[in-house]
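Work through the exercises below with the sequence and the model at hand. Each task sentence is followed by a solution in steps.

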Amino acid sequence: LQILVTIVNVNDNSPVFQETNITQAVPEDTKVNATIIARESLSATDGDLDVIYYELTTVVPDTEGYFAIRGLNNPELYLQKALNYEKFNWTMLLLYGRDRPAGSNDTNTATATINIFIEQADTRPPWFLPCSFINTDKSICISSPYTGRVTIFEMSTEPLTLQPGPVYAVDPDYTLNEKIVYSIVGGDTDNVFSVDADTGNLTMNKAVASADSFLLQVMATQVNNIQKYSVATVEILVINKSNYTPYFESKIYNGMVSVGLNPGSFVYQADHPSSPLMITAVDDDFPDV
């Protein structure tokens with residue numbers, strides 16, 4: 001009597017990942033579609049030799065859609081959308097490996113946790129401060145022109161006072177904080193001004209001999225990459241020297257108002273009730289004004 005015995009494989013083994021907790025650093029400027037973790041590092045094995053079906057989910061809110069796997073049976077992790085360090089610098093993914101398609105009965109599942117840390121890259125040029133953001137993700141900040149003034153025929157030995165503040169730029173990739181140097185690249189006719197390469201302070205090389213104003217272009221450049229630069233405008237007004245102090249035409253002004261007047265109503269002269277009261281000052285530097 002010959003007896004043939006067939007051993008039926010029972011699904012009694014669960015898939016197994018090589019590592020169940022993976023940490024990966026990803027530079028912010030990684031190209032879309034680039035591989036983040038190779039298939040070999042994420043593939044699971046199964047003692048029953050079943051085909052493994054993979055599924056990837058994102059745990060951290062507002063970080064969905066950036067990472068994906070190549071296919072249902074290919075767990076290679078790749079970048080699906082461009083990264084922005086300002087939006088987020090960490091996310092957590094869960095990779096599931098099943099020995100049956102999702103939704104099937106008698107399914108064994110393995111889970112691997114993938115922590116992704118985003119490393120800030122040198123992606124933006126310097127920002128002159130103060131500046132205002134023009135987009136919601138705060139990746140572009142525009143500064144207003146700087147303004148200052150000098151007196152004709154006089155040379156100041158101190159750094160010029162500017163509004164809304166001194167010339168100053170920062171590296172917006174703040175975790176890198178690359179060194180910035182300053183230079184004047186336009187508008188300095190006759191070489192009147194200098195800028196300190198390290199501080200951005202503007203000083204005078206000589207006195208101004210003309211009443212024409214200056215419109216300087218000051219460039220802030222990253223030392224490690226001259227292609228990362230920004231240019232700000234500095235308007236320097238030339239004014240006449242003031243020899244006299246302004247003064248009021250009268251030491252005492254007498255006005256008159258009526259009870260019950262609305263806010264914004266005129267105050268009239270006490271000795272001329274039909275004429276509005278005017279308080280005026282004069283400056284002998286400007287006798288014709």
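## Exercise 1: a salt-bridge network

At 10% relative accessibility, R124 counts as buried, where buried means under 20% relative accessible area, exposed over 50% and partly exposed in between (1.4 Å probe, protein chains only). This is a predicted model, in which local features need pLDDT of at least 70, side-chain atom pairs count only at pLDDT 80 or more, and totals for chains, interfaces and linings use all residues. Residues are numbered from 1 along each chain as its sequence is written, and side-chain values use heavy atoms, with hydrogens and water left out.

**Task.** Find which residues form salt bridges with R124, and state where the partners lie in the chain.

**Solution.**

1. Apply the criterion: a salt bridge is a side-chain nitrogen of Lys or Arg within 4 Å of a carboxyl oxygen of Asp or Glu. Side chains of opposite charge can pair when their charged atoms come close.
2. D173 meets this criterion with R124, the closest N and O atoms being 3.4 Å apart. The pair links distant parts of the chain, 49 residues apart: D173 sits in the loop between β14 and β15 (180–186), and R124 in the loop between β9 and β10. The strands named here, like the helices, are DSSP runs numbered from the N terminus (helices H or I, at least four residues; strands E, at least two).
3. Both D173 and R124 are buried.
4. E86 also forms a salt bridge with R124, at 2.9 Å from N to O. Here the two residues are 38 apart, with E86 in the loop between β7 (74–79) and β8.
5. E86 is partly exposed, since its relative accessibility is 31%.

## Exercise 2: a second pair

**Task.** For the salt bridge between K206 and D190, decide whether each residue is buried, partly exposed or exposed.

**Solution.**

1. The N to O distance between the two side chains is 3.2 Å.
2. K206 lies in the loop between β17 (202–204) and β18 (214–222) and D190 in the loop between β15 and β16 (193–195), so the bridge ties together parts that are 16 residues apart in sequence.
3. K206 has a relative accessible area of 32% and is therefore partly exposed.
4. D190 has a relative accessible area of 58% and is therefore exposed.
5. Returning to the earlier bridges, shared partners join E86, R124 and D173 into one network. The structure holds seven salt bridges.

## Exercise 3: overall form

**Task.** How does the radius of gyration of the protein compare with the globule rule?

**Solution.**

1. Count the elements: the protein has one helix and 23 strands.
2. The radius of gyration is 36 Å, well over the 19 Å that the globule rule gives for 289 residues, so the protein is more spread out than a compact globule. The radius is taken over C-alpha atoms, and the rule is 2.2 Å times the number of residues to the power 0.38.
3. Along the principal axes, the C-alpha atoms fill a box of roughly 140 × 60 × 20 Å.
4. An automatic or database domain assignment divides the protein into domain 1 (15–119), domain 2 (127–239) and domain 3 (244–288). The C-alpha centres of domain 1 and domain 3 are 78 Å apart.
5. Buried residues make up 31% of the 289 residues.

## Exercise 4: backbone details

**Task.** Locate the cis peptide bonds at P130 and P164, and the positive phi values at L49 and D106.

**Solution.**

1. L129 and P130 are joined by a cis peptide bond with omega about -5°. P130 is in the loop between β10 (127–128) and β11 (131–133).
2. Q163 and P164 are likewise joined by a cis peptide bond, with omega about 5°. P164 is in the loop between β13 (146–151) and β14 (169–170).
3. L49, a residue other than glycine, has a positive phi near 60°. L49 lies in the loop between β4 (44–45) and β5 (53–58) and is exposed, at 77% relative accessibility.
4. D106, also other than glycine, has a positive phi near 55°. D106 is in the loop between β8 (90–98) and β9 (109–119).
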